[in-house]
Amino acid sequence: MQIRFHGAAGEVTGSMHEVEAAGHRLLLDCGMIQGSPAAERRNADRFPFEPGGIDALVLSHAHIDHIGRVPLLVRRGFRGPIYAQAATADLMPIMLLDAAAIAEGEAERYNRRRRRDEPEAVPLFSRDDVEAALERLRPLDYDAPSEILPGIVLTLREAGHILGSCVLELQAEDRTLVYSGDLGPCGAPILRDPAAIARADLVLMESTYGDRDHRDRPATVAEIGEILEAAWRDGGNVMIPAFAVGRTQELLYWFARHWQQWKMDRWRIFLDSPMAARVSAVYQRHQGLFDARARATWAAPIAPLRMPNLHFTASVAESMAINRIRSGAIIVAGSGMATAGRIVHHLKHNLGHRQAHVMFVGYQAEGTLGRRLVERARWVRIHGRDYRVNAQIHTVGGLSAHAGQQGLIDWFARIAGREGDAGVTRPSLALVHGEERAREALAGELGQRLGVSAHLPNPGDSIAL
Ligand SMILES: [Zn+2]
């Protein structure tokens with residue numbers, strides 16, 4: 001078995017790993033590179049292999065940095081099956097059609113402004129490419145081994161990161177390769193904890209937060225309650241920029257769970273994101289994948305998606321009507337970093353008010369409106385106009401969907417390697433999906449505490465098993 005690293009090797013986005021085993025080639029994830037415009041231009045580059053020569057694609061979960069180049073792969077000649085957990089398969093059309101619409105919109109805007117001597121912009125992929133990719137999907141269940149190619153058995157295990165997220169276990173040629181995908185933290189709400197993996201010869205493990213641990217969840221949730229209380233006292237609205245997958249559902253879950261304690265019935269709650277509403281419906285359909293606590297919460301009279309004061313706003317007109325509300329509204333809207341989407345309009349209408357509150361519940365990348373607000377800018381530029389920031393800005397840091405350093409070490413430490421003369425060894429380990437600083441820190445800790453010497457592969461590197 002041979003593993004070649006093509007993406008998310010020394011960086012976080014663009015996950016893509018190639019496996020050669022039992023005379024076949026398969027790809028684990030085919031993600032989009034995200035970040036600066038220069039980084040994102042790399043998405044259009046040629047694949048470092050012949051797409052038509054790949055026999056099958058296996059996806060760990062539906063985040064765009066793991067599936068975002070799938071339509072491009074199909075357009076450029078990939079003709080094999082695409083395996084994914086059933087909930088991931090349900091999330092994929094939502095995620096990919098959204099990405100296609102953004103790409104088409106950006107290309108159109110560019111072409112309208114471009115000078116005649118500049119080349120025309122072409123979107124990375126179209127809605128038709130997405131449809132062609134979706135036709136190749138073969139949904140699978142957790143914990144059910146399946147021979148996806150002669151001599152290659154795939155088993156999906158719970159990763160606890162977003163709905164449908166998987167650890168991939170591949171068996172071929174008497175060897176076991178385990179790819180963590182993105183691992184969730186233990187004890188997070190809604191989803192089950194990442195599954196314990198029994199045995200592996202080689203583990204590819206993510207290292208996004210390899211250099212730190214998160215603030216604990218109960219303290220974080222208490223903080224959300226305090227911010228809502230302060231906002232109610234001030235008599236303003238609360239704006240929450242949130243990602244459509246995972247974070248939005250977790251917020252609604254905590255609102256329902258603290259319905260009485262936080263006096264949630266006094267608010268008007270708006271889920272002002274058609275995409276988040278569609279994703280929430282997929283969560284609703286796959287309740288069987290939740291942990292016991294979440295299944296009970298979803299079955300209670302005040303359930304996360306059935307709170308009596310929760311409004312789903314589908315049309316733009318309904319969204320604009322929210323702007324007339326001066327107080328008592330909680331508005332959850334995308335995008336999560338306030339770079340685009342409906343949240344930007346709500347911020348324009350509310351940032352000037354001293355009694356308004358903005359609650360950031362996720363990572364804010366460099367160069368985004370979210371980052372400028374988190375860094376306490378007094379003025380921000382939105383759609384070409386300057387807005388004074390009088391609203392109160394909060395950063396709630398502990399709602400991560402990723403395991404922290406300790407969680408990653410614990411998960412790996414439980415996996416046994418081969419039985420040798422000196423007893424059971426540890427599996428080999430390669431760290432992916434982390435910035436250099438994070439994965440080096442994690443490699444250092446793993447070396448000190450478990451005596452493991454981790455590979456830190458770069459794009460183009462390979463490991464033979
Ligand atoms: Zn992810």
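1. Start with a hairpin-scale detail in this predicted model. Strand 2 (residues 16-21) and strand 3 (residues 24-28) are joined by five bridges and run antiparallel. Within that pair, Glu 18 faces Leu 27 of strand 3.

2. The pair belongs to a wider sheet. Seven strands make up this open sheet, in the order 6-5-4-3-2-1-23, with mixed pairing. Its edges are strand 6 (137-140) and strand 23 (462-464); each has a single partner strand, so one side of each lacks a neighbour in the sheet. From one strand to the next, the twist averages 25°. Helix 4 (residues 86-113) packs on this sheet and touches strand 5 (82-85) and strand 6. The direction of helix 4 makes about 110° with that of strand 5.

3. Now the other open sheet with mixed pairing. Six strands build it, in the order 7-8-9-10-11-22. Strand 7 (146-149) and strand 22 (428-432) are the edge strands, and each pairs on one side only. Here the average twist from one strand to the next is 25°.

4. Inside the six-strand sheet, strand 9 (residues 166-172) pairs with strand 10 in the antiparallel sense, over five bridges. Leu 168 stands opposite Tyr 179 of strand 10. Two helices deserve a look against this sheet. Helix 13 packs on it, with contacts to strand 9, strand 10, strand 11 and strand 22. The direction of helix 13 makes about 165° with that of strand 11. Helix 14 (residues 436-450) also packs on the sheet, touching strand 11 and strand 22. For helix 14 the angle is about 155°, taken with the direction of strand 22.

5. Which helix gives the most to the lining of the second largest pocket? Helix 13 (residues 405-413) does, with four residues. Helix 13 is thus a shared element: it packs on the six-strand sheet and contributes to the pocket lining. The volume of this pocket is about 350 Å³. Its lining takes in 21 residues. Nearest the centre are Pro 185, Cys 186, Ala 403, Gly 404 and Gly 407. By residue class, the lining holds seven nonpolar, eight polar and six charged residues.

6. One backbone value to check sits in the loop between strand 10 (175-179) and strand 11 (202-206), where Ile 190 is found. The phi of Ile 190 is near 75°, a positive value in a residue other than glycine.

7. On domains, the assignment gives two entries: domain 1 (2-212 + 401-464) and domain 2 (217-395). Their centres, taken over C-alpha atoms, are separated by 29 Å. Domain 1 puts 20 residues into the contact, and domain 2 puts in 19 residues.

8. Next, the parallel pairings of strand 13. Strand 13 (residues 268-271) is joined to strand 15 by four bridges, and the two run parallel. Leu 271 has Val 332 of strand 15 as its bridge partner. Strand 13 also pairs with strand 14 (residues 310-312), in the parallel sense and over three bridges. In that pairing, Ile 269 stands opposite Leu 310 of strand 14.

9. Where does Ser 335 lie? Ser 335 is in the loop between strand 15 (329-333) and helix 11 (342-350). A cis peptide bond joins Gly 334 to Ser 335, with omega about 10°. Anyone setting up a calculation may want to look at this bond alongside the phi of Ile 190, which is positive and near 75°.

10. Last, a hairpin. Strand 17 (residues 379-382) and strand 18 (residues 385-388) run antiparallel and are joined by four bridges. Arg 381 has Asp 386 as its bridge partner in strand 18. Two residues lie between the strands of this hairpin, and His 383 takes a positive phi near 50°.

Conventions: Residues numbered from 1 in each chain as written. Predicted model: local features only at pLDDT ≥ 70, side-chain atom pairs only at ≥ 80, totals over all residues. Heavy atoms only, no water. Pairing = 2+ DSSP bridges. Axes fitted to C-alpha atoms, helices over the stretch in contact; angles between N-to-C directions. Contact = heavy atoms within 4.5 Å. 1 Å grid on protein atoms, 1.4 Å probe; cavity = no way out; pocket = protein on both sides within 12 Å on 5 of 7 lines; lining within 4 Å. Points joined across faces, edges and corners; volume = space filled by probe spheres on them. Nonpolar A, V, L, I, M, F, W, Y, C, P; charged D, E, K, R; others polar. Domains from an automatic or database assignment.
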